[in-house]
Amino acid sequence: MKENNSSVDVESLKYLGLSFALYWFGSSLFNVFFPIYLMEIGLSLLQVLLVLLLTFLVVGLLPLVTLVLFTKRFESLMGLGIVLTLAYYLLLLFCKDPLLLGLFNGLYIATFWPSFNLLLFRLTSVKSRATTISVVLFLVPTVCGVLGPLVGGFVIERFGYPALLVFAAAIFAFSAAAFAKVKLRPAKRGLHVPSPKLFSIFAFTFVVYGLTEYFWLAYPLFLYKLAKGHFSMGVLASA
C-alpha cells in the first residue's frame, strides 16, 4: 500500500494520541487485576485459563477476517474496538461465563490494536514516524503503567470492582469521543492480505506466545499473594 506523506493531519494525530492515552489508562486501571477479579467472582483457575485460551485464539484468527472485509477502511475499526472494550467492561459486571468472557475479550483486543497501529503509521510522515511512534508507544504505556495500577487498586479497595469497571468504561467513552475527531481517509489501494500459510503461522505463534506470557496470569497471581490488599498489589505492579 502506497501512502501520501505530503501533508500530515497534525490535528488528527493529536486526537489519536489523546484517544490512545485515555484508552491505555482505562485499560491499565484493571488489566493486572483481571485474573484476580475472575477468580473472585467464582471462576476456577482452569476456567481463567480457558478465558485466556479463547482470548488468544480470537486475537490470532480475527485479523484475517477483518483484513478481508475492511481492506480500505481498516483504521475505522479502532473506534469499534474502543466501544467493544467499553461494552466488555460493563459485561464483566454481571457475566460469569468463561466462554463468553474469553471470546469477547479477544474480540475487542483484535479489533482495537491492529487498526490503531496502522492508523498511527498512516498519520505520521516518513521523517517523523520513528520518533512519533517511539514517543507514543513508550511514554504513554510508561506513565499509565505507573498510575493505572495505583488508581485501580485504590478504587477497588475503597469502592469495589464494580466502581472501577464503571470508572474505566467512562474513560473509554472519552477515548471514543476523542477518536471521533480523527479524520479517516480510506486507502486508495487497500491492504495486502497475507497468504493463508503465512497468516496461519502468525496465528499459531501469537496464540502460543499469549498462553506462555506470564503477565496475563502468573504475574498477577504472584503479586496478589505477595500483597496484603488490592492497593498494595497496585503499588507493586506500578513499581
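## Buried residues and surface

In this predicted model, 45% of the protein chain's 239 residues count as buried. What about the outside? The accessible surface of the protein chain adds up to about 12300 Å², and carbon and sulfur atoms account for 72% of that area.

## Helices and contacts

If you're hunting for strands here, you'll come away with zero: the secondary structure of the protein chain consists of 10 helices. Walk along the sequence and the pattern reads α-α-α-α-α-α-α-α-α-α.

Now look at who touches whom. Take the contacts in the protein chain between residues at least 6 apart in sequence: 84% of them link residues at least 24 apart.

## A look at Glu157

Let's pick one residue and see what's around it. Glu157 sits in helix α6, which covers residues 129–159. Is Glu157 buried, partly exposed or exposed? Its relative accessibility is 46%, so Glu157 counts as partly exposed, since that label covers values between 20% and 50%.

Which residues does Glu157 touch, once you set aside its neighbours within four places in sequence? The answer is Gly229, His230 and Phe231. Gly229 is 72 residues away from Glu157 along the chain, yet the C-alpha atoms of the two are 7.3 Å apart.

With Phe231, you can zoom in to single atoms: a polar atom in the side chain of Glu157 lies 3.0 Å from the backbone nitrogen of Phe231. That pair falls within the 3.5 Å used for a polar contact.

Note on methods. Residues are numbered from 1 along each chain as its sequence is written. This is a predicted model: local features need pLDDT of at least 70, side-chain atom pairs count only at pLDDT 80 or more; totals for chains, interfaces and linings use all residues. Side-chain values use heavy atoms; hydrogens and water are left out. Helices (H or I, at least four residues) and strands (E, at least two) are DSSP runs, numbered from the N terminus. Buried means under 20% relative accessible area, exposed over 50%, partly exposed in between (1.4 Å probe, protein chains only). Contact means heavy atoms within 4.5 Å. Accessible areas come from the Shrake-Rupley method with a 1.4 Å probe; for residues, only the protein chains shown count as cover. A polar contact is a pair of N or O atoms within 3.5 Å; within protein, one must be able to donate a hydrogen and the other to accept it, and residues adjacent in sequence count only if both atoms are side-chain atoms.
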